[in-house]
Amino acid sequence: DSYIASVNSAREYIMSAHKCTSPALAGLSINGGFEGQGTALLAAYKIYDQMVVSSMRTIIEREINKVLKLSNFDITVKFYPKELTITEDESFSN
């Protein structure tokens, strides 16, 4: 029991340190499996993107554009995130 408690505790510390909104985003199963987790995974990804990735993306864009402006380039960089979709892939079912 003590080992399982420490493993769960370590997992929670790692998840919170990375601001991960779902164990599935880190490749960990939820309740022993991934079946039926598609919509939960999409929701967790969108929340993670809004909370963590979007702010990093904004900082990177700002800094790259600052360097370009200081280097006398008349262009700006804008990153457009790709939408996450989950599909049935037959190659994984064999």
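Before we look at the protein, let me fix one word, since a residue is called buried here when its relative accessible area is under 20%, exposed when that value is over 50%, and partly exposed in between. With that settled, please keep in mind throughout that what we have in front of us is a predicted model.

Let me start with the whole chain. The protein has two helices and zero strands, and of its 94 residues, 15% are buried in the sense I have just given. Its accessible surface comes to about 7800 Å², and carbon and sulfur atoms hold 59% of that area. If we take the contacts with a separation of 6 or more, then 31% of them join residues that stand 24 or more positions apart in the sequence.

Most of what I want to show you concerns helix H2, which covers residues 38–70, and I will begin with a pair of charged side chains. Arg57 and Asp49 meet through their side chains in a salt bridge, with a distance of 2.8 Å from N to O, and both Arg57 and Asp49 are buried. As a general point, side chains of opposite charge can pair when their charged atoms come close. The count for this model comes to four salt bridges, and I will describe two others.

Which residues are linked in a network of salt bridges? They are Arg62, Glu63 and Lys66. Arg62 pairs with Glu63, where the closest N and O atoms are 3.6 Å apart, while the side chains of Lys66 and Glu63 meet at 3.4 Å, again from N to O. Lys66 and Glu63 both sit in helix H2, three residues apart, which is about one turn of the helix. As for their surroundings, Arg62 is partly exposed because its relative accessible area is 46%, Glu63 is partly exposed at 34%, and Lys66 is partly exposed at 43%.

Now let us turn to the residues of the helix that touch a later part of the chain. Glu61, which is also found in helix H2, has a relative accessibility of 9% and therefore counts as buried. Setting aside the neighbours within four places in sequence, Glu61 is in contact with Val77, Lys78 and Phe79. Further along helix H2 we come to Asn65, and here I would ask whether this residue is buried or exposed. Its relative accessibility is 19%, and because the limit for buried is under 20%, Asn65 counts as buried. With neighbours within four places again left aside, Asn65 is in contact with Ile75, Thr76 and Val77, so that Val77 appears among the contacts of Asn65 and also among those of Glu61.

Thr58, another residue placed in helix H2, is partly exposed, with a relative accessible area of 41%. A polar atom of the Thr58 side chain lies 2.9 Å from the backbone oxygen of Ser54. Across the sequence, Thr58 and Lys78 are 20 residues apart, and yet their C-alpha atoms are 8.8 Å apart in space. A comparable description can be given for Leu42, which is found in helix H2 and is partly exposed at 23%: Leu42 and Glu83 are 41 residues apart in sequence, and the distance between their C-alpha atoms is 9.7 Å.

On the surface, there is a nonpolar patch of about 340 Å², made by Met56, Ile60, Ile64 and Phe79. One of these residues, Ile64, lies in helix H2, and Ile64 counts as partly exposed because its relative accessibility is 32%. Phe79, which belongs to the patch, is also one of the residues in contact with Glu61.

The last residue I would like to point out is Asn72, which lies in the segment after H2. Asn72 is not a glycine, and nevertheless it has a positive phi of about 65°. How accessible is Asn72? Its relative accessibility is 71%, and so Asn72 counts as exposed.

To gather the main points of this predicted model: we have seen a chain with two helices and zero strands, a salt bridge between Arg57 and Asp49, which are both buried, and a network of salt bridges that links Arg62, Glu63 and Lys66.

Methods: Residues are numbered from 1 along each chain as its sequence is written. This is a predicted model: local features need pLDDT of at least 70, side-chain atom pairs count only at pLDDT 80 or more; totals for chains, interfaces and linings use all residues. Side-chain values use heavy atoms; hydrogens and water are left out. Helices (H or I, at least four residues) and strands (E, at least two) are DSSP runs, numbered from the N terminus. Buried means under 20% relative accessible area, exposed over 50%, partly exposed in between (1.4 Å probe, protein chains only). Contact means heavy atoms within 4.5 Å. Accessible areas come from the Shrake-Rupley method with a 1.4 Å probe; for residues, only the protein chains shown count as cover. Patches are made of residues with over 30% relative accessible area and no salt bridge: like charges are joined within 9 Å, nonpolar side chains (Val, Leu, Ile, Met, Phe, Trp, Tyr) within 5 Å. A polar contact is a pair of N or O atoms within 3.5 Å; within protein, one must be able to donate a hydrogen and the other to accept it, and residues adjacent in sequence count only if both atoms are side-chain atoms.
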